[in-house]
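The following report looks at the fold of a single protein chain, beginning with its overall dimensions and ending with a few individual residues. Please keep the structure in view while reading.

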Amino acid sequence: MAIGLAIGKIKFFGISLGAAAAMFVALGLSTANPDIQIPPLVYQFGLAIFVYAIGLNFGPSFVREFATRGWKLTVFMIGMLVLLVGVGFGLIRVFGLETDVAAGMFAGSLSSTPGMAAVVDMLGNSTPVVGYSLAYPGAVIGAILVAAIGAKVLKVDHEADAKEEGMIPAPLVAKGVRLTKDFPDTAGHLYQVTGHSVVATREISDMENHRLAQPDMPLRKGEAFLINGSEKDVAGAIEVLGEEYPVELT
């Protein structure tokens, strides 16, 4: 693992394998010495932890977005898998590959470790691992090359796309606002009143004196609050609430 992580830090034309290099080193060692074996419990436990961690990380966002665009991506991926199964079946017939090895290669081409484990469990032998170890490096390197070359050719701005998707939050700002009319709600629901992602953190008495804003504070004409959010959201909220109010932050 240490060797793999060290190799993963080496960059070729600005591209590095990262943590995936540990997998390549392990595959190379196991190929060089087939007698290297680990107890099944080790990889089964590691696989369980891997799937569990992925679920914790992406489970909430998957459920949240499934109703909007998530189902479209799911249908698309199912269609792609069906297409890949057809292509894989055709290649197996053309090259006369053994079914066990071919199943492992298919899992490796998708870099699907859980899929490989399922095939091994179903067949009751480790032959699919051979096909998996041959296809996995190509799948990872191929994905990296496609992403890198495609981004250059299509002039993709990854940072702009990430900001648009909300993956890179905008810098937060804090500004004072004085209400120019009454609102039938409280400071705790400022985001609902304005339609912008802002929060009231302080109630302002004058330019230098202010105290913590309580969620149940009424939004009355003449009251001033310090609000926090992105530059765009704060500007939009001030436009709805009234006028900007100068405040000294120390």
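The report takes up the overall form, then the sheet, then a pocket, and finally some single positions.

## Overall form

The coordinates come from a predicted model, and every value below was computed from them. The secondary structure of the protein comes to 9 helices and 7 strands. With a radius of gyration of 28 Å, well over the 18 Å that the globule rule gives for 250 residues, the protein is more spread out than a compact globule. The C-alpha trace spans about 80 × 40 × 40 Å along its principal axes. Of the 250 residues of the protein, 23% count as buried.

## The sheet

Five of the strands are described by one arrangement, an open sheet of 5 strands in the order 4-3-6-1-7, with antiparallel pairing. At the edges stand strand 4 (210–212) and strand 7 (242–245), and each has a single partner strand, so one side of each is left without a neighbour in the sheet. From one strand to the next, the twist averages 40 degrees. As background, the strands of a sheet pair through backbone hydrogen bonds, in either a parallel or an antiparallel manner.

Which strands pair with strand 6, and over how many bridges? Strand 1 (residues 172–179) pairs with strand 6 in the antiparallel sense over 7 bridges, and strand 3 pairs with strand 6, also in the antiparallel sense, over 5 bridges. On the strand 1 side, V177 has F225 of strand 6 as its bridge partner, while on the strand 3 side the bridge partner of V199 in strand 6 is N228. Strand 6 itself, residues 224–230, is mostly covered, with 6 of its 7 residues buried.

Moving outward in the strand order, strand 3 (residues 199–204) is joined to strand 4 by 3 bridges, and the two run antiparallel. Within this pairing, R202 stands opposite L212 in strand 4.

## The second largest pocket

Away from the sheet, attention turns to a pocket among the helices. The second largest pocket has a volume of about 350 Å³. Its lining is made up of 16 residues, and G88, I92, A102, M105 and F106 are those that lie nearest its centre. Two elements, helix 3 (40–95) and helix 4 (99–109), give two or more residues to this lining, and helix 3 provides the largest share, 8 residues. By residue class, the lining of the second largest pocket divides into 14 nonpolar, 2 polar and no charged residues.

One of the residues nearest the centre, A102, has its place in helix 4. A102 counts as buried at 6% relative accessibility, because the cut-off for that class is under 20%. Two C-alpha separations help to place A102 relative to other parts of the chain. P128, which is 26 residues away along the chain, has its C-alpha atom 7.2 Å from that of A102, and L91, 11 residues away in sequence, is 9.1 Å from A102, C-alpha to C-alpha. L91 lies in helix 3 and is partly exposed, with a relative accessible area of 43%.

## Positions in loops

Three loop residues can be set beside one another, with their locations and accessibilities given in the table.

| Residue | Loop between | Relative accessibility |
|---|---|---|
| I10 | helix 1 (2–8) and helix 2 (20–32) | 44%, partly exposed |
| S111 | helix 4 and helix 5 (113–123) | 36%, partly exposed |
| K155 | helix 6 (127–154) and helix 7 (158–164) | 72%, exposed |

Most residues other than glycine have a negative phi. Against that background, S111 has a phi near 50 degrees, a positive value in a residue other than glycine, and K155 likewise has a positive phi, near 55 degrees. S111 is partly exposed, whereas K155 counts as exposed.

For I10, a further C-alpha separation is available: I10 and A21 are 11 residues apart along the chain, and their C-alpha atoms are separated by 9.8 Å.

Note on methods: Residues are numbered from 1 along each chain as its sequence is written. This is a predicted model: local features need pLDDT of at least 70, side-chain atom pairs count only at pLDDT 80 or more; totals for chains, interfaces and linings use all residues. Side-chain values use heavy atoms; hydrogens and water are left out. On a 1 Å grid over the protein atoms alone, a cavity is a set of points where a 1.4 Å probe fits but cannot get out, and a pocket is an open set with protein on both sides within 12 Å along at least five of seven lines; lining residues have an atom within 4 Å of a point. Grid points are joined across faces, edges and corners, and a volume is the space filled by probe spheres set on the points. Helices (H or I, at least four residues) and strands (E, at least two) are DSSP runs, numbered from the N terminus. Ala, Val, Leu, Ile, Met, Phe, Trp, Tyr, Cys and Pro count as nonpolar, Asp, Glu, Lys and Arg as charged, and the others, Gly among them, as polar. Two strands pair if DSSP finds at least two bridges between them. Axes are lines fitted to C-alpha atoms, for helices over the stretch in contact, and angles run from 0 to 180 degrees between N-to-C directions. The radius of gyration is taken over C-alpha atoms; the globule rule is 2.2 Å times the number of residues to the power 0.38. Buried means under 20% relative accessible area, exposed over 50%, partly exposed in between (1.4 Å probe, protein chains only).
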